[in-house]
Amino acid sequence: QYDGAGWAYRNCTGYAFWRLAQTTGITLTAGMFPNVLASGGRIGHSIPDFQRLGYRVDQNPNGNAVLAVNTGGNFGHIMYVEGVVNGQAVVSQYNAASDGRYSTGTLTNLSGIYFIHIE
């Protein structure tokens with residue numbers, strides 16, 4: 001099952017992009033991410049798509065980062081950045097443990113994590 005933007009329900013992508021739209025009014029559809037689509041839905045391949053869309057991508061959570069992408073693992077993982085405290089990103093997410101559940105956390109190890117800045 002997919003939402004109106006083309007992202008799978010109860011998955012990290014569906015949640016992160018829903019939360020982005022809810023808080024910023026920016027809707028990013030699955031069709032805007034050809035590298036993700038070509039890879040079979042692997043969000044870890046999204047960095048070139050975000051850059052092509054004009055978003056700044058780096059490994060620094062400070063500033064106005066709203067999404068965090070972990071490029072590791074088989075599929076990668078995307079989270080919504082709720083805030084940054086002492087250089088650590090506080091995130092909300094779905095499906096972090098491949099269980100379709102909501103969770104929150106703080107990213108203390110930023111290796112392989114890329115932040116998308118909405119400016």
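In this predicted model, a polar atom of the Asn-109 side chain lies 3.0 Å from the backbone nitrogen of Ser-111. Asn-109 itself sits in the loop that links β5 (102–107) with β6 (113–117), and because its relative accessible area of 55% is over the 50% cut-off, the residue counts as exposed. Although Asn-109 and Ala-89 are 20 residues apart in sequence, their C-alpha atoms are 9.8 Å apart in space.

The two distances given for Asn-109 are set out below.

| Partner of Asn-109 | Atoms compared | Distance |
|---|---|---|
| Ser-111 | polar side-chain atom of Asn-109 to backbone nitrogen of Ser-111 | 3.0 Å |
| Ala-89 | C-alpha to C-alpha | 9.8 Å |

The strands on either side of this loop, β5 and β6, belong to an open sheet of 6 strands, which are arranged in the order β1-β6-β2-β3-β4-β5 with antiparallel pairing. The edges of the sheet are formed by β1 (56–58) and β5, each of which pairs on one side only, and from one strand to the next the twist averages 30°.

Within the sheet, β6 runs antiparallel to strand β2 (residues 65–70), and the two are joined by 5 bridges; Leu-67, for its part, has Ile-116 of β6 as its bridge partner.

Helix α1, which spans residues 12–24, lies across β2, β3 (77–85), β4 (88–94) and β5, and its direction makes an angle of about 45° with β3. Strand β5 is thus named in three settings: as one border of the loop that holds Asn-109, as an edge strand, and among the strands that α1 lies across.

Notes: Residues numbered from 1 in each chain as written. Predicted model: local features only at pLDDT ≥ 70, side-chain atom pairs only at ≥ 80, totals over all residues. Heavy atoms only, no water. Helix = DSSP H or I, 4+ residues; strand = E, 2+ residues; numbered from the N terminus. Buried < 20%, exposed > 50% of the residue type's maximum accessible area, 1.4 Å probe, protein only. Polar contact = N/O pair within 3.5 Å; in protein donor to acceptor, adjacent residues only side chain to side chain. Pairing = 2+ DSSP bridges. Axes fitted to C-alpha atoms, helices over the stretch in contact; angles between N-to-C directions. Contact = heavy atoms within 4.5 Å.
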